[in-house]
Amino acid sequence: MIISGKEISTKIKDQLKEEVEQMKNKYDRLPKLAVILVGENQASQVYVRNKERGCSYVGMDSLKITHDATFSEEELLNEIKQLNEDDTVDGILVQLPLPDHINEDKVLEAIDPSKDVDGFHPENVAKLFLGQKSLVPCTPKGMMVLLDEINYDLTGKEVVVVGRSNIVGKPVSLLCLQKNATVTIAHSKTKDLKEVCQRADVLIAAVGRAKMINRDYVKEGAVVLDVGINRDENNKLCGDVDFEDVKDKVYAITPVPGGIGPMTITMLLHNTLEAFYHHQGE
Ligand code: NDP
């Protein structure tokens, strides 16, 4: 089974669109996402544009704020403070990476946790760790929705997550644990990675190395979620998994592009809606 994140995300966005449409009669304002971009990173510009498009698709308000790479840390912190105090703003997202002279941790900590739609603020990270309700990072949240969509029950399953980043590997591991999976987190220092991966009922690849996971890493009938976004030898977009090599061996797999990627933005919209309801006292 090829899990089409593209189709599933469109379905969810259409549901969100309907929800936003109905909000117009119930509330005096619409959910609003503020996205801040500092510098000229091309990939970031594409991501920000896609986020804006997502907002407009579902009918939410968005505010795009761009600065050139010389914008100072102090100015950025001040801007975040203003957005924190602005009652019409539900979500604040600072596009990463930031230029070197700006401390990312400081910036993420400055965002009001109730508006932290990326789920990167230490308060939200702690809540996720504790299993409390919080704004959950978008990519991991999207993966859990995909598993739900294929009615896959994680209880008792072996999950191997390759990658231990704060934005993907660690949070998705916690979410799988919450769903009663037995979770192994692998990384660049893991010994016998192939053997570790072969144990997985669900293999999550979040590494950033083109096609490194081939069929030798994959157990027959496994579910494979491929987070990686890379370029192959022909400069074509590809994941961390060698899709063609693996696809006949698995029960289900997400393609790249069209798998996890579209879910990430949809979950950002979902988080913004959640933040809106929270700000409405619901
Ligand atoms: P990071 O670079 O932050 O983390 C990569 C992880 O992979 C690290 O934990 C690293 O280990 C591990 N790793 C690197 N090489 C190996 C190896 N040879 N064997 C085993 N583990 C290894 O990346 P991100 O988590 O931010 O992103 C991962 C990928 O997912 C990237 O391709 C990124 O573009 C993509 N991505 C896609 C998103 C989407 O929406 N689809 C969203 C976010 C990311 P160590 O910690 O030891 O260095």
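The legends below accompany close-up views of a predicted model.

**View 1. Domain division of the protein chain, with domain 1 and domain 2 in the frame.**
In this predicted model, the protein chain is divided into domain 1, covering residues 27-112, and domain 2, covering residues 138-260. The C-alpha centres of domain 1 and domain 2 lie 29 Å apart. An unreviewed UniProt entry places the feature "domain: Tetrahydrofolate dehydrogenase/cyclohydrolase NAD(P)-binding" at residues 137-278. Over residues 137-278 the chain is 36% helix and 17% strand, and the C-alpha atoms at the two ends of this stretch are 17 Å apart.

**View 2. The open, parallel sheet of five strands.**
The strands follow the order 5-4-6-7-10, and the pairing is parallel. Strand 5 (182-186) and strand 10 stand at the edges with a single partner strand each, so one side of each is left without a neighbour in the sheet. Strand 4 (residues 158-162) is joined to strand 6 by four bridges, and these two strands run parallel; within this pairing, V161 stands opposite I204 of strand 6. In general, strands of a sheet pair through backbone hydrogen bonds, in either the parallel or the antiparallel sense.

**View 3. Strand 7 (residues 223-226) and the strands with which it pairs, strand 6 and strand 10.**
Strand 6 (residues 202-205) runs parallel to strand 7 and is joined to it by four bridges, with V224 of strand 7 as the bridge partner of L203. The pairing of strand 7 with strand 10 (residues 252-253) is also in the parallel sense and comprises two bridges, and here A252 of strand 10 is the bridge partner of V223. In a regular strand, side chains alternate between the two faces of the sheet. In strand 7, V223 and L225 point one way while V224 and D226 point the other way, and all of these residues are buried.

**View 4. The largest nonpolar core, which has 81 residues.**
The residues with the most contacts inside this core are V159, L203, I204 and V224. Helix 10 supplies the largest share of the core, nine residues. The core draws at least three residues from each of domain 1 (27-112) and domain 2 (138-260).

**View 5. The shell of 25 residues around the ligand.**
The closest of the surrounding residues are G163, S165, S188, G208 and T264. Helix 10 (residues 260-279) gives the most to this shell, with three residues. By residue class, the shell divides into 10 nonpolar, 12 polar and three charged residues.

**View 6. Positions annotated as "binding site" in UniProt, with R164 in the loop after strand 4.**
The unreviewed UniProt entry places this feature at G163, R164, S165 and I229. R164 is found in the loop between strand 4 and helix 7 (169-178). With 16 other C-beta atoms within 10 Å, R164 is partly exposed.

**View 7. V145 in helix 6 (residues 138-149).**
V145 has 17 C-beta neighbours inside 10 Å and therefore counts as partly exposed, since a residue is buried only if 20 or more other C-beta atoms lie within 10 Å of its own, and exposed if 12 or fewer do. V145 and N230 are 85 residues apart along the chain, and their C-alpha atoms are separated by 23 Å.

Technical notes: Residues are numbered from 1 along each chain as its sequence is written. This is a predicted model: local features need pLDDT of at least 70, side-chain atom pairs count only at pLDDT 80 or more; totals for chains, interfaces and linings use all residues. Two strands pair if DSSP finds at least two bridges between them. Domain bounds come from an automatic or database domain assignment. A residue is near a molecule or strand if its C-beta atom, placed from the backbone, lies within 6 Å of it. Ala, Val, Leu, Ile, Met, Phe, Trp, Tyr, Cys and Pro count as nonpolar, Asp, Glu, Lys and Arg as charged, and the others, Gly among them, as polar. UniProt positions are given in the numbering used here, feature names are shortened, and annotations may be inferred rather than shown by experiment. A nonpolar core is a set of buried Ala, Val, Leu, Ile, Met, Phe, Trp, Tyr and Cys residues joined through C-beta atoms within 7 Å.
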